[in-house]
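Student: Could you take me on a close look at the metal site and the space around it? I would like one connected account that I can follow on screen.

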Amino acid sequence: MSLRKIRVFPDPILRKKCKPVKLIDSSIKKLSHDMLETLEYVGGIGLAANQVGVLKRVVTLHLPEEDHRILINPEITKSFGTREVKEACLSFPGYQGLVKLSMKVKSRWLDINGSYYKLSAEDLLSQVLEHEIDHLNGILYIDHLLAHEKLNDAKQIGLKNILADQKLDDTKSENQPHIHDVDINLIVDKENTKSDDYEHLETKLDLSLIYSDSSMEDLKYDLHNAGYLSDLDNKN
Ligand SMILES: [Zn+2]
């Protein structure tokens, strides 16, 4: 097994639809085990194959206090109700946002041996299934952000620290930075991709809880490194 690099937004592969697995061969087995190892390494709970650059319908899960799971060709067959949930994503290191998801889903998939599974899921499992199956369809949780909701810095610490650490947690810093809000126009340039599979995305992010002592230049630099800005207006 080996670790795979997690693709970070706005990598265009995150907007591509993954293709169904027709045969669970050694390459799919290796991919699945590498994805599980990568998931363990970063301490995440779910990972979809396009997040490691492979356009196959494979998802790995490791929910707290549960065994890990490999899901081949997973599908949501039915969903019930709606609820608001705080979401985070390994492809958006350090951020979280409030989205509307189902209360409950019915899902089905094949395991690594090709056995068929059917499950009614609630709570975190329902959330993770929706999140990861969205990934396989090129959909990201930021697409579901509730109006006026903020995509917040998950740790409430400086961007540089977050970018250096892909592991997410809810630890709140003792010293709350004071808040200033910055509006960013996030534009994924379609020219960078070879496909028309997905739409040009233009989203206004309201980034708050950034250290008040970071200058606009620091912020631009950090956003550039995170892939949110294609060019630095000012390179000094
Ligand atoms: Zn994700």
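Tutor: Happily; we will start at the metal site, move to the cavity beside it in our tour, and then place both in the chain.

Please keep in mind that this is a predicted model. The zinc ion has three residues listed as its donors: Cys-89 through SG, His-131 through NE2 and His-135 through NE2, at 2.0 to 2.2 Å. Written as a spacing in sequence, these donors read C-x41-H-x3-H. Cys-89 sits in the loop between β4 (83–88) and β5 (95–101), while His-131 belongs to helix α2, so this pair ties together parts that are 42 residues apart in sequence. Next, how covered are these two residues? Cys-89 has a relative accessibility of 2%, and because buried means under 20%, Cys-89 counts as buried. His-131, at 8% relative accessibility, counts as buried too.

Now for the empty space. A search of the whole structure turns up 2 cavities of 30 Å³ or more, and the largest cavity holds about 50 Å³ of space. Its lining consists of Glu-87, Cys-89, His-131, Asp-134, His-135, Ile-139, Leu-140, Tyr-141 and His-144. If you compare that list with the zinc donors, you will find Cys-89, His-131 and His-135 in both. Helix α2, which spans residues 123–136, gives the most to this lining, with 3 residues. Sorted by class, the lining has 4 nonpolar, 3 polar and 2 charged residues. The idea behind such a search is simple: rolling a probe the size of a water molecule over the atoms shows where empty space is left.

With the site in view, let us step back to the chain that holds it. The protein chain has 4 helices and 10 strands, and in sequence order they run α-β-β-β-β-β-β-β-α-β-α-β-β-α. Of its 236 residues, 46% are buried. Among contacts with a separation of 6 or more, 64% involve residues 24 or more positions apart. The chain exposes about 12,700 Å², and carbon and sulfur atoms supply 47% of that area.

A few backbone details elsewhere deserve a visit as well. Most residues other than glycine have a negative phi, and most peptide bonds are trans. Against that background, the peptide bond from Phe-9 to Pro-10 is cis, with omega near 5°; Pro-10 is placed in the segment before α1. Glu-65, in the loop between β2 (58–61) and β3 (69–80), has a positive phi near 60°. Asn-73 also has a positive phi, near 50°, but Asn-73 is found in strand β3. The surroundings of these two residues contrast: Glu-65 counts as exposed at 85% relative accessibility, whereas Asn-73 counts as buried at 19%.

One last stop is Lys-22, in the segment before α1 (26–42). Lys-22 is exposed, with a relative accessible area of 85%. Its C-alpha atom is separated by 9.7 Å from that of Ile-72, although the two residues are 50 residues apart along the chain.

To return to where we began, keep Cys-89, His-131 and His-135 selected: these residues coordinate the zinc ion and also appear in the lining of the largest cavity.

Key:
Residues numbered from 1 in each chain as written. Predicted model: local features only at pLDDT ≥ 70, side-chain atom pairs only at ≥ 80, totals over all residues. Heavy atoms only, no water. 1 Å grid on protein atoms, 1.4 Å probe; cavity = no way out; pocket = protein on both sides within 12 Å on 5 of 7 lines; lining within 4 Å. Points joined across faces, edges and corners; volume = space filled by probe spheres on them. Helix = DSSP H or I, 4+ residues; strand = E, 2+ residues; numbered from the N terminus. Nonpolar A, V, L, I, M, F, W, Y, C, P; charged D, E, K, R; others polar. Donors = N, O, S within 2.8 Å, 3.2 Å for Na, K, Ca; no water. Buried < 20%, exposed > 50% of the residue type's maximum accessible area, 1.4 Å probe, protein only. Contact = heavy atoms within 4.5 Å. Areas by Shrake-Rupley, 256 points an atom, 1.4 Å probe, with all protein chains shown as cover.
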